[in-house]
Amino acid sequence: MSLMRLALLSLWNRRLTAILTILGIALSVTLFLSVEKLRTGARESFANTISGTDLIVGARAGDVQLLLYSVFRIGNATNNITWESYQDIAARREVDWIVPISLGDSHRGYRVVGTTPGFFEHYRYRRDTELRFAAGTTLDDLFDTVIGADVAKALGYAVGDRIVVSHGTGRGSEAGHDDKPFRVTGILARTGTPVDRAVYVGLEAIEAIHVDWQGGGRVEGLRIPVERVRNMDLTPKTVTAALVGLKSRITTFRFQRFVNEYDAEPLTAILPGVALSNLWSLVGVAERALSAVSLMVIVTALLGLVTTLLASLEERRREMAILRANGASPRTISVLLTAESGLIALAGALLGLAFLYGLLFTLQPLLDSRFGLYLKIDAPDLQDCTILGIVVLAGIAAGFIPAWRAYRRSLADGMSIRS
Amino acid sequence: MSNSEHALSIRGTAFAWEGGFGLEIAAFDLHARERVLLLGPSGGGKSTFLNLVAGITTPSRGQIDVLGTDIAQLRGSRVDRFRVDSFGIIFQMFNLMPWLSAIDNVLVPLRFSRLRRSRTGDARAEASRLLGALGIEKTLFDQRAGTLSVGQQQRVAAARALIGGPGIILADEPTSALDRANARAFLDLLFAELEAAKAALLMVSHDETLADAFDRVVRLDDIARVTGNPEGSAAA
């Protein structure tokens, strides 16, 4: 009879305790790996908010602030870019495409973004994924609007519905441009990014709804009808920011320097990836806290394994003594105990991995659709394997403590227990 | 080895537990193929005597010569290996692995003794033969030892001690849980197998009625002296 068979039969004899220990380790491993997947998934989803854009240009501001208002629609710009500067930048030979963004209005709590149809063509997220229309088409008429997936779902809008844009960005700012309603012509497919939570109108439309406004308020007694507005010059005077795609990535830093040193007005150009990374480092404390918690879970599970093994050793002193009396050396007993704890840890680690994939397959579509959190389902990577390896090694190491105690105990000590 | 040769020879051996209780053995001999009953009262040091002989406890002084080797001089895994090569032990509480089958329990010593394994040939066949010879029904061979009756467990323990032909069988009150008739029947079966295996038997007991079945009866009081108080010690 091999030692392994002896270990397996002994484990089978204590299967309830063993199964509970294995389950404890498995759940801890699942929790740890899930938190790691969520953490990396959240970071990747965050980093994938925008891609394919080489530079974001705005008025002179900090990197993170520019990123927050131009991409995440959080906060406001301290200043705008003049239309002349925008045109000048757009005309540079390095520029492949440029998409303006004009912010300042809202619709029932959702930011209104004044832009061009180019936005839907050039904006990319999650590894160069294009925006897609779930229904309808892009902007065509002056008072057309395209809405994000969250807006459509939350407010129950469909293509053809009419909506009114409010002046300002507060939730209470419902009064505003009710004389110039927009028609929903398109609803974007879900992206899991801030794109889902915005209302898109033409850049000229932003000018159109403000022709009878001045200094943040409607000019008393002035109401210019839509028909007259259509014939007016609606060239914007300013834009809030611009997304820029360059013909060659090699020119990125040179072009960034050109914008940052722009003579006509103080401007800032940021690399979205770098700014995203800076922003993520600000929320990195929470990420590290999450890692620490999951690490503690694993440590607790391994302490549980040691406790279980030590408790079972007390029950098994006689079993060990019988083996010793029949010729098993203290070293053999130690190997037996260490192999047993290693087997328990291995079974726990593998079961934990199986639980993880079960969870991933079950929850991935839900997390993507509800929270915009896309978790990749890949084969276990090096980090996963390292964690599993550490759990198994820690399990074997945990077996050293009862093994050492068994080694130190004399044979007579075990034989003196009466069953 | 002739019958007159020593299978076991003890000279001037002493051992003391932590609490002060101890045993001093002046001299004791067990000849090859001899069946000796060592009589002594409960708590009188009989188990300590057997533990010393088997190398389970190490004496503080003296010599315990087993089949030509002084077991008192062996240390670590060498004593474990020597024990399983030289002795078959039937414990008072049988000490079977309750979760192993009867036949797997019999096979345990062969896992650790190359010598006994080499003497056995087909291990499972020999284990089955021994179990059968000791009165265990074939249907019980694969049954977990923990589910067997006391009498059946005792026979499995005897088969485990006999497998592989160790030179000496040590038995610690193996009949204490049996009535007189069953104790006799068990001894008859054991002696038949001892004869076949040409092994010596040293059995300790407090039951004087068993004396006539043995070649020789030795009283522990005559060969050993108990020192200290057994009640205050770790084991007796």
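This report describes strands and helices of chain B in a predicted model.

**The parallel sheet**

Five strands of chain B, in the order β6-β7-β8-β3-β9, make up an open sheet whose pairing is parallel. Its edges are formed by β6 (87-90) and β9 (216-219) of chain B, each of which pairs on one side only. On average, and with direction ignored, neighbouring strands of this sheet are turned by 20° against each other. At the β9(B) edge, the partner is strand β3 (residues 35-39) of chain B, and these two strands are joined in the parallel sense over four bridges, with Leu37(B) standing opposite Val217(B) in β9(B).

**Antiparallel pairs**

Antiparallel pairing is found between strand β1 (residues 6-16) and strand β4 (residues 61-66) of chain B, which are linked over five bridges, and also between β4(B) and strand β5 (residues 69-70) of chain B, which two bridges join. The last two strands, β4(B) and β5(B), form a hairpin with two residues between them, and in its turn Leu67(B) has a positive phi of about 50°. The table gives one residue pair for each of three strand pairings.

| Strands | Residue | Opposite residue |
|---|---|---|
| β3(B) and β9(B), four bridges | Leu37(B) | Val217(B) |
| β1(B) and β4(B), five bridges | Ser9(B) | Asp65(B) |
| β4(B) and β5(B), two bridges | Val66(B) | Thr69(B) |

**Helices α3 and α6**

Because 11 of the 11 residues of helix α3 (residues 102-112) of chain B are buried, this helix is largely enclosed by the rest of the structure. The buried residues of α3(B) include the charged-name positions Asp104(B) and Arg111(B) as well as Ile103(B), Leu107(B) and Phe112(B). They pack against four helices of chain B, namely α2 (77-86), α4 (114-120), α5 (123-133) and α6 (150-162).

Helix α6(B), one of these neighbours of α3(B), is itself mostly covered, with 11 of its 13 residues buried; among them are Gln152(B), Arg155(B), Val156(B), Arg160(B) and Leu162(B). The buried residues of α6(B) pack against both strands and helices of chain B: the strands are β6 and β7 (168-172), and the helices are α3, α5 and α7 (180-197). From its first C-alpha to its last, α6(B) reaches 19 Å, which is close to the 18 Å expected at 1.5 Å a residue. After this helix comes Gly164(B), whose phi is positive, near 85°.

Methods. Residues numbered from 1 in each chain as written. Chains lettered and ligands numbered in written order. Predicted model: local features only at pLDDT ≥ 70, side-chain atom pairs only at ≥ 80, totals over all residues. Buried ≥ 20, exposed ≤ 12 C-beta atoms within 10 Å, placed from the backbone. Contact = placed C-beta atoms within 7 Å. Pairing = 2+ DSSP bridges. Axes fitted to C-alpha atoms, helices over the stretch in contact; angles between N-to-C directions. Expected span 1.5 Å × (residues − 1).
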